[in-house]
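Grab your viewer and work through a few short exercises. Each one starts with a task and then walks through a solution.

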Amino acid sequence: MSGLDLFLHEQFVGTVEPDRRNKSRVSLNVDQGYREEIRLSESFTTLTGRRPPVESVSNFLGGYVPEGNHREAMAAKRRIDKDDLYALLREFGGSIAGAVTLRQPRETKRHRADYEPLDDQSLEKKLQRALVDSDQAIADDSRSALPGYQPKVLVGRFDGQWAYPHGRAHSTYILKPQVPARPRRIFDEHYSHLLTQHVGLSRYSSEIHQAGHTTYLAIERFDRTVINGDVHLHHQEDLAQALNLDWRDTDTKFQSPQWPDDAKRAAVRRIAEVLGAVPGGVAAHEQWLRQLTFHIAIGNSDAHAKNVALMHLPKGTELSQVYDALPNMFQPDLVKWDLALAVNGIFDHRRVCTESILAEAHSWGMITMSRASTLVTETLIALHVAIRDVAPTSEISHGLVEHLHWNIRRLLDGDEIGEPTL
């Protein structure tokens with residue numbers, strides 16, 4: 001077995017090989033000619049001609065493969081073991097999040113992206129297949145995949161038309177079909193995203209569309225840009241990868257209320273530590289505080305480490321735009337009061353107040369209390385204005401807007417959020 005060639009953008013980094021003793025591990029032999037121009041990962045260093053730690057490389061690359069039921073279903077379709085990391089990268093590593101690609105050594109350098117035009121009928125079939133199979137509706141020759149649990153279809157969009165990427169052609173949009181058991185979810189996500197745009201925490205687009213009888217949410221990928229018909233990649237690494245969390249255990253992205261100091265799991269402060277180590281760490285901390293305030297204010301209990309990401313760009317590393325931010329505490333089938341990551345040691349969303357958020361930010365050691373207070377207040381006021389200005393559709397969860405008003409008012413008044421009495 002000759003291994004897989006790992007590229008960052010179009011720069012050859014080195015060769016990825018399976019670990020003969022542990023199928024969930026791979027190694028990376030960094031090429032002698034590699035010179036790091038854009039950061040590959042915060043979890044390890046790429047030294048010319050060396051092999052970074054196997055565990056760190058495995059958790060970094062494993063963080064790009066599908067999760068949970070998606071990984072099981074997609075691995076079964078390719079007749080590979082769901083825990084065989086090398087096989088997963090071989091099958092699905094051609095187009096993943098960010099700008100990393102894994103290629104067979106025999107692949108030619110002059111790659112021609114292959115796309116299949118999708119009309120409404122063929123698109124609806126793929127969306128329905130994703131729902132039935134509970135995965136990403138992959139074609140037999142597809143080498144694309146993303147983490148996550150919600151059924152989705154990865155597509156390109158060129159001149160206003162949808163196209164399905166074959167081989168390692170890159171998608172530019174994520175399409176999430178309406179799940180019958182949770183019909184309001186995509187509308188809540190769309191509304192929340194419009195709020196992030198208004199507040200200034202995201203810039204990519206999202207739209208509700210219909211293909212035949214199937215409603216879906218189309219989300220523009222912020223790690224992709226289309227220029228003159230060509231797809232350009234932007235390197236992304238989520239915080240589970242940056243924290244070197246075990247890719248096989250989907251629970252590590254959450255902080256444990258039973259063992260909150262478990263070093264093998266994520267935490268708000270651990271994320272802040274990573275951000276503090278990048279050049280311009282103060283700006284990253286301030287952005288993280290704004291995002292954290294937003295997640296709390298909208299009742300997003302799923303703001304875990306894989307829903308926070310770094311962008312490694314030519315100009316340096318920065319925190320990504322907000323994504324996958326849903327006010328899921330207000331969806332009848334998803335109500336749970338515990339946050340994915342505690343704020344100043346508090347997991348129960350009802351007990352969080354502005355003082356909790358400020359104490360959390362103060363513990364990071366890079367933002368003054370005065371500055372933190374300004375950022376939190378500005379974010380809450382901006383969200384209040386956004387709710388006033390952004391008209392929700394009738395399909396969002398009942399009482400959602402009223403719940404958001406309650407949260408913002410309680411936080412601005414200095415009170416614990418509590419349970420809304422609406």
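**Exercise 1. Place Ser144 and decide whether it is buried or exposed.**

Keep in mind that this is a predicted model. Start with the fold: Ser144 sits in the loop between α4 (120-133) and β6 (153-158). Next, check the accessibility. Ser144 has a relative accessibility of 3%, and buried means under 20%, so Ser144 counts as buried. Finally, look at who it touches. Leaving aside residues up to four places away in sequence, Ser144 is in contact with Met74, Phe92, Ser95, Ile138, Leu154, Gly167 and Ala169.

**Exercise 2. Compare the backbone of Ala137 with that of Asp324: what is the phi of Ala137, and what is the phi of Asp324?**

Begin with the background: most residues other than glycine have a negative phi. Now read off the angles. Ala137 has a positive phi, near 50°, and is not a glycine. Asp324 is not a glycine either, and its phi is positive at about 50°.

Then find their places. Ala137 belongs to the loop between α4 and β6, while Asp324 belongs to the loop between β15 (316-319) and β16 (338-343).

Last, look at the cover. Ala137 has a relative accessible area of 0%, so it is buried. Asp324 comes out at 30% relative accessibility, so it counts as partly exposed.

**Exercise 3. Find the residues that gather with Glu116 in a patch of negative charge, then describe Glu116 itself.**

First, the patch: on the surface, Asp114, Glu116, Asp140 and Asp141 come together as a patch of negative charge. Second, the fold: Glu116 is part of strand β5, which covers residues 114-117. Third, the accessibility: the value for Glu116 is 31%, so this residue is classed as partly exposed. That value also fits the patch rule, which asks for over 30% relative accessible area.

**Exercise 4. Work out where Ala284 sits, what it touches and how far it is from Ala75.**

Take the helix first: Ala284 lies in α8, residues 281-298. With a relative accessible area of 8%, under the 20% cut-off, Ala284 is buried. For contacts, skip anything up to four places away in sequence; Ala284 then touches Leu275, Val278 and Leu319. To finish, go from C-alpha to C-alpha: Ala284 and Ala75 are 37 Å apart in space, with a sequence separation of 209 residues.

Methods: Residues are numbered from 1 along each chain as its sequence is written. This is a predicted model: local features need pLDDT of at least 70, side-chain atom pairs count only at pLDDT 80 or more; totals for chains, interfaces and linings use all residues. Side-chain values use heavy atoms; hydrogens and water are left out. Patches are made of residues with over 30% relative accessible area and no salt bridge: like charges are joined within 9 Å, nonpolar side chains (Val, Leu, Ile, Met, Phe, Trp, Tyr) within 5 Å. Accessible areas come from the Shrake-Rupley method with a 1.4 Å probe; for residues, only the protein chains shown count as cover. A salt bridge is a side-chain nitrogen of Lys or Arg within 4 Å of a carboxyl oxygen of Asp or Glu. Lys and Arg count as positive and Asp and Glu as negative; His and the chain ends are not counted. The place of a charge is taken as NZ of Lys, CZ of Arg, CG of Asp or CD of Glu. Helices (H or I, at least four residues) and strands (E, at least two) are DSSP runs, numbered from the N terminus. Buried means under 20% relative accessible area, exposed over 50%, partly exposed in between (1.4 Å probe, protein chains only). Contact means heavy atoms within 4.5 Å.
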